[in-house]
Amino acid sequence: MSDAETLNRGPRAYASFIGIGLLAGLLSGLFGVGGGTVIVPLLVLFLHFNQRLGAGTSLAAIVPTATVGVVSYALHDSVAWIPALILAAGSVVGAQIGTRLLPRISQPVLRWFFVGFLVVVIVSLFLVIPSREAVFELTLLTGIALVAVGVGTGILAGLIGVGGGIVVVPVLMLAFGTSDLVAKGTSMLMMIPTAISGTIGNLRNRNVDLVAAAMVGVSACTTTALGAWLATIIDPMLANMLFAAYLVVIAVQMAMKAIKGRKTS
């Protein structure tokens, strides 16, 4: 029997899936991420998913969430379509690498890797100075760089269940000088094929709870558009600071769980 089949399927679990989805969708639209930074830790902390199953389930739930997010940002003309496709090409390859590595990495190592990843994101949020007027300029050099960024984010997507937005959004703003809204819309388009590719790999390795992924994903779709709308009216620096504060809480919780797991092992 798989991990997914032994999970609690009672009313509390289903209500939790819906609640996680609503929160993930709101933050996904607001920050241009897939919602994995919400879904993975909450599945692990409150529903006792192991890290691998949480990552795989999160990645599957990101597919419908990101699709709604792309439509929302496209309505505000905030999607750089060609750069997104270049990022996606690299991320699809990277996601396959990440999902192949996932079964070979121990639970404690994966938890600490996730904590370290969140710390990097938190720091980057304070380094980025968002600008609504900046324009993305695509050249041969930036195209090559986008492929490299795509591969790297794809690997992270396969390993920790995020669509790559929390990497791509800061990188597009800091390294490529694009506006925060275009960075968010572009990252959401990029993460759709990334999440699909990673989910295919995770299904082969039985690292996806399809029921949970469907409930979280559908619930997230109902609040993603609201988050995208809020992104257009909230000061971008304030949004970064709020997101960073949230990630600090998640990182601390995950670190405590990793320490506890090490002591009991």
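Which helix does L42 lie in? In this predicted model, L42 is part of helix α2, which covers residues 36-47. The residue counts as buried, because its relative accessibility is 11% and the cut-off for buried is under 20%. Setting aside residues within four places in sequence, the contacts of L42 are I20, L23 and L47. L47 is thus a partner from the helix itself, as α2 runs over residues 36-47. A244 is 202 residues from L42 along the chain, and the C-alpha atoms of the two are separated by 17 Å.

The next stop is helix α6, made up of residues 140-160, where T142 is found. T142 is buried as well, with a relative accessible area of 17%; this value falls in the buried class because that class takes in anything under 20%. Beyond residues up to four places away in sequence, T142 touches E137 and F176. A further link is made to T139: the side chain of T142 comes to 2.6 Å from the backbone nitrogen of that residue. P83 is 59 residues from T142 in sequence, and the C-alpha to C-alpha distance between them is 9.0 Å.

Helix α8 spans residues 180-204 and holds both K184 and D180. These two residues form a salt bridge, in which the closest N and O atoms are 3.8 Å apart. The distance qualifies because the limit for such a pair is 4 Å. How many salt bridges does a search of the whole structure find? The search finds 1, and the K184 and D180 pair is a salt bridge. The two residues are separated by about one helical turn, because they stand 4 residues apart in α8. Are these charged partners buried or exposed? K184 is buried, at a relative accessible area of 4%, and D180 is buried too, with a relative accessibility of 1%.

After α8 the chain enters a loop that leads to α9 (210-233), and N207 is found in this loop. Although N207 is a loop residue, its relative accessible area is 9%, so N207 is buried. What is N207 in contact with, leaving aside its neighbours within four places in sequence? The list is R52, L53, G56, T57, L102, P103 and N202. One of these partners, N202, belongs to helix α8, given that the helix covers residues 180-204.

Key
Residues numbered from 1 in each chain as written. Predicted model: local features only at pLDDT ≥ 70, side-chain atom pairs only at ≥ 80, totals over all residues. Heavy atoms only, no water. Salt bridge = Lys/Arg side-chain N within 4 Å of Asp/Glu carboxyl O. Buried < 20%, exposed > 50% of the residue type's maximum accessible area, 1.4 Å probe, protein only. Contact = heavy atoms within 4.5 Å. Polar contact = N/O pair within 3.5 Å; in protein donor to acceptor, adjacent residues only side chain to side chain.
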